[in-house]
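Me: I'm new to this one, so could you walk me through it? I'll ask, you answer.

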Amino acid sequence: MASSSSSSSSSIVAALSPNNSLLFSQTRHTGANWVHFPSTSRRRVGRVRAETESMATVTEKLGIKVERNPPETKLTELGVKQWPKWGCPPSKFPWTYEAKETCYLLEGKVKVTPSGADESVEIGAGDLVVFPKGMSCTWDVSVGVDKHYKFE
């Protein structure tokens, strides 16, 4: 549809890249034509990064602490990628924690039911989980687990 108007308008779109850089793109409308001007500039925006990182949620249920989608900076600070790895196929088994365990699930889905509890805690890929020393529980693994772990 052609326009005889000589006015122009523009729109700016911002997107967050995987490394938390803010990318800008501009589209300008002049008369009947839309012209797209991709931005080559990237700006790291501290406020956006802080808001993104604060989207991780931490809950504690039945003595198990679960942080869903912790920021990469936290995983790096903890040294998670240097921790040993462990995995298992779908299965169900009892477990007792002789020491406090912190683990980060790369893959999997598990219902953990502490002994004597009527409820379970569901954990899965992307969760940073802390199990207290002395906890006895049952792991019901519905999707095979691959995790980094550390005992203290």
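Me: Which residue in β11 does Thr102 stand opposite?

Reply: Quick heads-up before we start: this is a predicted model. β8 covers residues 101-114 and β11 covers 136-151, and these two strands pair in the antiparallel sense. Within β11, the residue standing opposite Thr102 is Lys150.

Me: And over how many bridges do β8 and β11 pair?

Reply: We've just met one facing couple, Thr102 and Lys150. The two strands pair in the antiparallel sense, and the number of bridges is 12.

Me: β8 also pairs with β9, so which residue of β9 is opposite Val110?

Reply: β8 and β9 are antiparallel too, paired over four bridges. They form a hairpin with six residues between them, and Gly116 in the turn has a positive phi of about 85°. Opposite Val110, on the β9 side, stands Ile123.

Me: What about β10: which of its residues does Cys103 stand opposite?

Reply: β8 and β10 run antiparallel, with four bridges joining them. β10 takes in residues 127-131. The one standing opposite Cys103 is Val129.

Me: Is Asp127 buried or exposed?

Reply: Asp127 is found in strand β10. Setting aside neighbours within four places in sequence, Asp127 touches several residues, including Val66, Arg68, Cys103 and Tyr104. Its relative accessible area is 4%, and buried means under 20%, so Asp127 counts as buried.

Me: Which residue has its backbone nitrogen 2.8 Å from a polar atom of the Asp127 side chain?

Reply: Asp127 is buried, and its side chain has a polar atom with a backbone nitrogen 2.8 Å away. That nitrogen belongs to Gly124.

Me: Which residue forms a salt bridge with Asp127?

Reply: Side chains of opposite charge can pair when their charged atoms come close. Here the closest N and O atoms are 2.4 Å apart. The pair links distant parts of the chain, strand β5 and strand β10, 59 residues apart. The partner of Asp127 is Arg68.

Me: Is that Arg68 buried or partly exposed?

Reply: Asp127, at the other end of the salt bridge, is buried. For Arg68 the relative accessible area is 32%, and the class between 20% and 50% is the one it falls in. That makes Arg68 partly exposed.

Me: How many salt bridges are there in the whole structure?

Reply: Among them is the Arg68 and Asp127 pair. Another one joins Glu72 and Lys81, at 3.8 Å from N to O; Glu72 is partly exposed at 47%, while Lys81 is exposed at 63%. A search of the whole structure puts the number at seven.

Me: Which residue does Lys147 form a salt bridge with?

Reply: The closest N and O atoms of this pair are 2.6 Å apart. Lys147 sits in strand β11 and its partner in strand β8, 46 residues apart. Lys147 is buried at 4% relative accessibility, and the partner is buried at 2%. That partner is Glu101.

Me: How many residues are in the largest nonpolar core?

Reply: Those with the most contacts inside this core include Ile64, Ile123 and Val129. β5, β8, β9, β10 and β11 each supply at least two of its residues. There's also a second, separate core of five residues, with Leu75, Trp83, Tyr104 and Leu128 among them. For the largest core, the number of residues is 18.

Me: Is the ring pair of Trp95 and Tyr97 stacked or edge-to-face?

Reply: The ring centres are 6.3 Å apart, with 75° between the planes. Planes over 60 degrees apart count as edge-to-face. As for surroundings, Trp95 is partly exposed at 41% and Tyr97 is buried at 2%. So the pair of Trp95 and Tyr97 is, with its 75° angle, edge-to-face.

Me: And are the rings of Phe131 and Trp139 tilted or stacked?

Reply: Phe131 and Trp139 are both buried, and they belong to a cluster of ring pairs that also links Trp86, Phe93, Trp95 and Tyr97. Their ring centres lie 5.9 Å apart and their planes are at 40°, so the pair is tilted.

Notes. Residues are numbered from 1 along each chain as its sequence is written. This is a predicted model: local features need pLDDT of at least 70, side-chain atom pairs count only at pLDDT 80 or more; totals for chains, interfaces and linings use all residues. Side-chain values use heavy atoms; hydrogens and water are left out. Buried means under 20% relative accessible area, exposed over 50%, partly exposed in between (1.4 Å probe, protein chains only). A polar contact is a pair of N or O atoms within 3.5 Å; within protein, one must be able to donate a hydrogen and the other to accept it, and residues adjacent in sequence count only if both atoms are side-chain atoms. Contact means heavy atoms within 4.5 Å. A nonpolar core is a set of buried Ala, Val, Leu, Ile, Met, Phe, Trp, Tyr and Cys residues joined through side-chain atoms within 4.5 Å. A salt bridge is a side-chain nitrogen of Lys or Arg within 4 Å of a carboxyl oxygen of Asp or Glu. Rings of Phe, Tyr and Trp (its six-membered ring) pair if their centres lie within 6.5 Å; planes under 30 degrees apart count as stacked, over 60 as edge-to-face and the rest as tilted. Two strands pair if DSSP finds at least two bridges between them.
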